[in-house]
Each structure stands twice: as structure tokens, then as C-alpha cells.
Amino acid sequence: MFASSLPDKTFFQICLIVDDCERFAANYREILGFDVPHDYQITELYEHTRGTYYGQPLNARAKIISWMLGDVAFELLEPLDAPSVWMDHLKKHGSSLHHIAFNVPRSAPAAAYFADHGYQTTQAGLFTGRTGMYTYLDTEKDLGLTMELLEIYSDFRFPPAQPFPADRGLGTDVVMQVGLVVNDCEATGKRYRELFGIEEAFRTETPAYAITETKFFGQPTEATAKLIFFNFGQAQLELIQPDSIPSVWRNYLNEHGDSAHHIAFVVKDTQQAVAHFAKFGIGVAQQGFYGDRSGMYTYMDSQEKLGVIFELLENFPQPR
């Protein structure tokens, strides 16, 4: 049963693959005020990790820096050698979100469950230090991104999340959403329900400009999208199926296909957060009200400096 293979259906880790790990780490420190370590790890080769890439010995390494965003680990990973799934992703998509990881008690039955549903292992190996193992699955074709299984051999627990200073960066380091753009949110949502045995939290379709007042790079737009949400612990998963009108959703889908689009953070003051990003040359890509006008979303044009689109979510005390 899948429940015994993956009992913890919460996001354990979010990973960006980047072309320069230390440059992006410096940006996350400077722009967002995150407590990003200055130390990094370089993974070992096959003799140590017994890693495999599509069944063949893996002799490709990666540079890794990771830290906590609330209760979710956040990883920057820079591929150093080829071939590997890391380098494959970087060459195909550039610096962008690569995978979401789940903690599993045992890798083999969890991987077998995914294999029974048509998803094979692409790369797997021991951690440097041999304290656990990782397994990447070829789920991108149906789920919009790679799923990773992490088996940790010790009784490991992340340290408790610490309060984030309100006067640093966005005033928060709690990532609360990963958003995907997809061609068919019904089909993709069905696969998530089937694989993870969970129901969607809710669904909606964004109204047009008359209600949302959506602007795309400063210009009013009638662009809309169908949305489906799933809860995975601290962070939810959002599936976005855009209409054909140019938007931050449609343009990204046209360029990258079904794929990870953004990570989101709740902010208390959108205007203040936007002004903070502007100090670092990061502008607004798209902004609009929620369909019920109980809040506002803002996508920042942050991919060049942060490797992913940042979404700001402000929830109003009363609808406007």
C-alpha cells in the first residue's frame, strides 16, 4: 500500500537547480535576508555514493547549499559534471525549480509504488557521508516536476523553525506554496489525487479584469486561469491552467511546458514588499486581486536573480 511507503505527505524539501550556487546564495542573503550558510557541500563520486543515472554508475557531482524556510528545507544545487539529472535539467530549463522531496521510511517500497504507476527511477545514490539515500523519479511528464524520495538512516529531525525578523527582507521566510503551470489541470490534478491519495483543498477560476484588475507588466489584461490546490503540510501545491491570453502563466507555459512556476510567501504589505524588491532591480511581472477581492497576488520578475518567480500573497482583513 502506498500509505506504508509514503506515510508523510508533507513537502520535506524544495530544490532549485542553478548555474552558480554561490551567486544565488549571496542573492538570497542580500535580497531576502535569509540565513543562508556560507559553507557548501560537493557530492562524492560513484565509489562513495554508489549512485546511478538511468541504471549506470554516476560519476557526476553537484555543489549544494541548503537551509530552512520555516519547516521546509530549501536547496540550491549546482551541477558540476555530466551526465546527471541535475545537468539535464539545467541544460533544458536553465536555473529553475527542479524537485519537491518527501521523507520516506524506506526508499525501495516507495520507489516500487511509483514504478507500478509508470514512474521510473532516473537517478539514485547515497548521501555524501552515507547517512541516507536519495531517489529521483521521472514524474515531470505528468506531475510538472521531479519528485524525490529521501530516506534518512538516523532519527533525523529538522530544528524547530525560528521567528523571522519583521524588518528583514519580506518579513518572513516561510514558503507556503509551490505553483505549477500545466496544460490540463484536471488531468494533472487527477494524477496527484491518485498517486498521493489526497483530495484537492479547493478549486476556482480567476475572473477577468473587471473584478481582479489584473495587470501584466503594467498593462491591464483579461487573462484568466483555472486553479486547483492541494495541501502538503506547510506548503500547498497550486496547479494553474492559463487561458490563451498572454500572462505570466501563459508565457511561462509556452516556453517551458508543464513545469514549476513559482514559490509564494504571505506578506503583510504588498506595496512595501514590492518597494523592497525594487531596490534590487526586481520589478512586478503580474498583479491582481483574488477573485473574491479578499486579497492580492503579485508575481515578481525575480527569476534571473533568485532562480524562480516569487509570488507575494497579501490577505486583507476585509474584501476590497
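A polar contact here is a pair of N or O atoms within 3.5 Å; within protein, one of the two must be able to donate a hydrogen and the other to accept it, and residues adjacent in sequence count only if both atoms are side-chain atoms. The model is a predicted one, with local features needing pLDDT of at least 70 and side-chain atom pairs counted only at pLDDT 80 or more, while totals for chains, interfaces and linings use all residues. Residues are numbered from 1 along each chain as its sequence is written, and side-chain values use heavy atoms, leaving out hydrogens and water.

One such polar contact involves E222, whose side chain reaches the backbone nitrogen of Y209 at 3.2 Å. E222 sits in the loop between β14 (219-220) and β15 (225-232), where helices (H or I, at least four residues) and strands (E, at least two) are DSSP runs numbered from the N terminus. Setting aside residues up to four places away in sequence, E222 touches A208, Y209, D243 and I245, a contact being heavy atoms within 4.5 Å. With a relative accessible area of 43%, E222 comes out as partly exposed; the scale runs from buried (under 20% relative accessible area) through partly exposed (in between) to exposed (over 50%), using a 1.4 Å probe and protein chains only. M147 is another matter: its C-alpha atom is separated from that of E222 by 34 Å, with the two positions 75 residues apart along the chain.

A second side chain that meets a backbone nitrogen belongs to Q241, in strand β16 (residues 235-242). A polar atom of the Q241 side chain lies 2.9 Å from the backbone nitrogen of C185. Beyond its neighbours within four places in sequence, Q241 is in contact with V182, N183, D184, C185 and E186, and also with A225 and K226. T188 is 53 residues from Q241 in sequence, and the C-alpha atoms of the two are 10.0 Å apart.

T270 belongs to helix α10 (residues 270-278). Its relative accessibility is 4%, so T270 counts as buried. The contacts of T270, again leaving aside neighbours within four places, are Q287, M296, T298 and E314.

Now to the aromatic residues. A pair of aromatic rings is described by the distance of the centres and the angle of the planes. Rings of Phe, Tyr and Trp (its six-membered ring) pair if their centres lie within 6.5 Å, and planes under 30 degrees apart count as stacked, over 60 as edge-to-face and the rest as tilted. On that basis the structure holds 28 aromatic pairs. F265 and F310 make a stacked one, at 5.2 Å centre to centre and 0 degrees between the planes. This pair bridges distant parts of the chain, with F265 in strand β17 (residues 259-266) and F310 in strand β20, 45 residues apart. Both rings are tucked away: F265 is buried at a relative accessible area of 0%, and F310 is buried at 0% too. Elsewhere, F11, F102, Y113, F114, Y119, Y192, F196, F230 and F232 form one aromatic cluster.

Pockets and cavities were found on a 1 Å grid over the protein atoms alone: a cavity is a set of points where a 1.4 Å probe fits but cannot get out, a pocket is an open set with protein on both sides within 12 Å along at least five of seven lines, and lining residues have an atom within 4 Å of a point. Grid points are joined across faces, edges and corners, and a volume is the space filled by probe spheres set on the points.

The largest pocket holds about 760 Å³ of space. Its lining counts 34 residues, with Q13, Q41, S66, E75 and F127 closest to the centre. At least two lining residues each come from β5 (62-69), β6 (72-79), β9 (132-137) and β10 (146-152), and β5 supplies the largest share, 5 residues. By class, this lining has 21 nonpolar, 9 polar and 4 charged residues, with Ala, Val, Leu, Ile, Met, Phe, Trp, Tyr, Cys and Pro taken as nonpolar, Asp, Glu, Lys and Arg as charged, and the others, Gly among them, as polar.

The second largest pocket has about 440 Å³ and 23 lining residues, with F202, L227, F229, E238 and Y290 nearest its centre.

The cavity count comes to 1 of 30 Å³ or more. The largest cavity has a volume of about 90 Å³, and H89, L97, E140, S259 and A260 lie nearest its centre among 13 lining residues. β7 gives the most to this lining, with 3 residues.
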